Amino acid sequence: MGDKQHEEGWFIYSFVARGTLVLAEYTEYTGNFPAIAAQCLQRLPASNNRYTYACDHHTFNFLLHDGYVYCVVAKETVPKHVSMALLERVKADFKKRYGGGKADTAIAKSLNKEFGSVIKEHMLYTIEHADEIEKILKVKAQISEIKSIMFDNIEKAIDRGEKLNELADKTTDLHSQAQDFRKQGTKIRKKMWLHNMKIKLVILGILLLLVLIIWVSICQGFNCTKQEDENANIEP
């Protein structure tokens, strides 16, 4: 996907809003991005949809769903579908945590403390797994294209009065192709899971090593245990 140091600056600012009320936001940059995003937010239609606006070499990406707005400001070099993939992750996590509850009555920016850091985590995840996300999106696009082509062929076949058994053969081919693409998606998800597990194991190993180093430096190996035994044998 590109140089990782370059990718680290992909996402500039992100927020979650109920209507036009921003509930949680995150950014590590200074500038007028929040103000521009707020102006765009005021002008968005109320229907569920996706919108992208370009301004000053950046894109302002919005995902509207059930009265909530998920936004991310990204550099113009970031593919639109990657920005939308980030917003889908943020939306799923937000609904899982607050759906039908706290978020419905929360006041402006009251969820910053507990969800701002979550937005940051999703930004980092999307950057680190951009290649896998691209592959999954391509597979989904291919499946959608195949379905569209097959439905179009079916409609044409009906118009031409083709035999039902020939139509059944084409439907079977579609099913087989869809299964192949699902298998590819499963392999990609397994690869991502293994990657995350390796990272967790490395972190655990480092923590255990740090604990051992601290213990050795303080107690000097087994001297602590020996000293305790000697003290216990001294008669008062």
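How much space lies in the second largest pocket? The second largest pocket holds about 180 Å³. This value, like the others below, comes from a predicted model.

**The pocket**

Seven names make up the lining of the second largest pocket: Tyr-125, Glu-128, His-129, Asn-196, Ile-199, Lys-200 and Ile-203. Two elements, helix H4 (112-128) and helix H6 (164-219), each give two or more residues to this lining. H6 supplies the largest share, with four residues. By residue class, the lining of the second largest pocket splits into three nonpolar, two polar and two charged residues.

**Overall layout**

The protein contains seven helices and five strands. Read from the N terminus, the order of elements is α-β-β-α-β-β-β-α-α-α-α-α. The chain has 236 residues, of which 34% are buried. The accessible surface of the protein amounts to about 15,500 Å², and carbon and sulfur atoms account for 58% of that area. Considering contacts between residues at least 6 apart in sequence, 57% link residues at least 24 apart.

**Strand pairing**

Strand S1 covers residues 11-18, and seven of its eight residues are buried. S1 has strand S5 (residues 68-75) as an antiparallel partner, with seven bridges between the two. In this pairing, Tyr-13 of S1 is bridged to Val-73 of S5. S1 also pairs with strand S2 (residues 21-27), again in the antiparallel sense, over six bridges. Two bridge partners in S2 can be named here: Val-22 for Ala-17, and Glu-25 for Phe-15. S2 is mostly covered as well, with five of its seven residues buried.

S1 and S2 form a hairpin in which two residues separate the strands. Gly-19 lies in the turn of this hairpin and has a positive phi of about 70°.

A second hairpin is made by S3 and S4, also with two residues between the strands. Strand S3 (residues 49-55) runs antiparallel to strand S4 (residues 58-65), and seven bridges join them. Across this pair, Tyr-51 is opposite Phe-62 of S4.

The three antiparallel pairings are listed below.

| Strand pair | Residues | Bridges |
|---|---|---|
| S1 and S5 | S5: 68-75 | seven |
| S1 and S2 | S2: 21-27 | six |
| S3 and S4 | S3: 49-55; S4: 58-65 | seven |

**Positive phi outside glycine**

Most residues other than glycine have a negative phi. Asp-56 departs from this pattern, with a phi near 55°. Asp-56 sits in the loop between S3 and S4, in the turn of the hairpin that these strands form. Is Asp-56 buried or exposed? The relative accessible area of Asp-56 is 61%, so Asp-56 is exposed, the cut-off for that class being over 50%.

Lys-109 is another residue other than glycine with a positive phi, near 60°. Lys-109 is placed in the loop between H3 and H4. The relative accessibility of Lys-109 is 44%, and Lys-109 therefore counts as partly exposed.

**Two charged residues in helices**

Lys-91 belongs to helix H3 (residues 80-98). Why does Lys-91 count as buried? The relative accessible area of Lys-91 is 14%, and buried means under 20%. Leaving aside residues up to four places away in sequence, Lys-91 touches Leu-63, His-65 and Tyr-70. Of these, Leu-63 and His-65 fall within the residue range of S4 (58-65), and Tyr-70 falls within that of S5 (68-75).

Asp-180 is located in helix H6, the helix that also gives four residues to the lining of the second largest pocket. Asp-180 has a relative accessible area of 38%, so Asp-180 is partly exposed. Along the chain, Asp-180 and Ile-143 are 37 residues apart, and their C-alpha atoms are separated by 9.8 Å.

Note on methods
Residues numbered from 1 in each chain as written. Predicted model: local features only at pLDDT ≥ 70, side-chain atom pairs only at ≥ 80, totals over all residues. Heavy atoms only, no water. Buried < 20%, exposed > 50% of the residue type's maximum accessible area, 1.4 Å probe, protein only. Contact = heavy atoms within 4.5 Å. Areas by Shrake-Rupley, 256 points an atom, 1.4 Å probe, with all protein chains shown as cover. Pairing = 2+ DSSP bridges. 1 Å grid on protein atoms, 1.4 Å probe; cavity = no way out; pocket = protein on both sides within 12 Å on 5 of 7 lines; lining within 4 Å. Points joined across faces, edges and corners; volume = space filled by probe spheres on them. Nonpolar A, V, L, I, M, F, W, Y, C, P; charged D, E, K, R; others polar.
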